[in-house]
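Visitor: I should like to take a close look at one part of this molecule. Please choose a single residue as the starting point, and then explain how its surroundings fit into the whole chain.

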Amino acid sequence: MAGPALFGMAQGLRRELGLPVELSVAWPWGAGVVAGCLLLATAATVLPARAALRRMRRA
């Protein structure tokens, strides 16, 4: 989500300062955060649905 903003800021600083501005992103950390969020979102979706289905089967 922050990628376009970061690239835009780097480009703007490059133009304003006239100096080479490198964008340095810790890709392994970013990938880890995305993977963690996907795992949490999956668990938050699957576990309540599974519990609801079990209750429906018992009734």
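Guide: Let us begin with G18, which is exposed, with a relative accessible area of 59%. This residue counts as exposed because its value lies over the cut-off of 50%. The model in view is a predicted one, and the values that follow are computed from it.

As for its place, G18 belongs to the loop between α1 and α2. The chain has 2 helices and 0 strands. Its radius of gyration is 21 Å, well over the 10 Å that the globule rule gives for 59 residues, so the chain is more spread out than a compact globule. The C-alpha trace agrees with this picture, spanning about 70 × 20 × 5 Å along its principal axes.

The distance from G18 to A52 may help to make these dimensions concrete. The two residues are 34 residues apart in sequence, and their C-alpha atoms are 59 Å apart in space. Another pair, G3 and V25, is separated by 22 residues in sequence, with 9.4 Å between the C-alpha atoms. Of this second pair, G3 lies in helix α1. G3 counts as partly exposed, because its relative accessibility is 26% and that class runs between 20% and 50%.

Helix α1, which covers residues 3–17, also holds L6. L6 is partly exposed, with a relative accessible area of 32%. Together with F7, M9 and L23, L6 forms a nonpolar patch on the surface. The accessible area of these four residues together is about 370 Å².

On the other side of the loop in sequence comes helix α2, made up of residues 27–58, and R50 has its place there. R50 is partly exposed as well, at a relative accessible area of 47%. This arginine joins R54, R55, R57 and R58 in a positive surface patch. The chain thus presents a nonpolar patch that includes L6 and a positive patch that includes R50.

Finally, consider the surface of the chain as a whole. Buried residues make up 3% of the 59 residues. The chain exposes about 5500 Å², and carbon and sulfur atoms supply 70% of that area. To return to the starting point, G18 is an exposed residue in the loop between α1 and α2, within a chain that is more spread out than a compact globule.

How values were computed:
Residues numbered from 1 in each chain as written. Predicted model: local features only at pLDDT ≥ 70, side-chain atom pairs only at ≥ 80, totals over all residues. Heavy atoms only, no water. Patch = residues over 30% accessible without salt bridge, like charges linked within 9 Å, V, L, I, M, F, W, Y side chains within 5 Å. Areas by Shrake-Rupley, 256 points an atom, 1.4 Å probe, with all protein chains shown as cover. Salt bridge = Lys/Arg side-chain N within 4 Å of Asp/Glu carboxyl O. Lys, Arg positive; Asp, Glu negative; His and termini not counted. Charge placed at Lys NZ, Arg CZ, Asp CG, Glu CD. Helix = DSSP H or I, 4+ residues; strand = E, 2+ residues; numbered from the N terminus. Buried < 20%, exposed > 50% of the residue type's maximum accessible area, 1.4 Å probe, protein only. Rg over C-alpha atoms; globule rule 2.2 N^0.38 Å.
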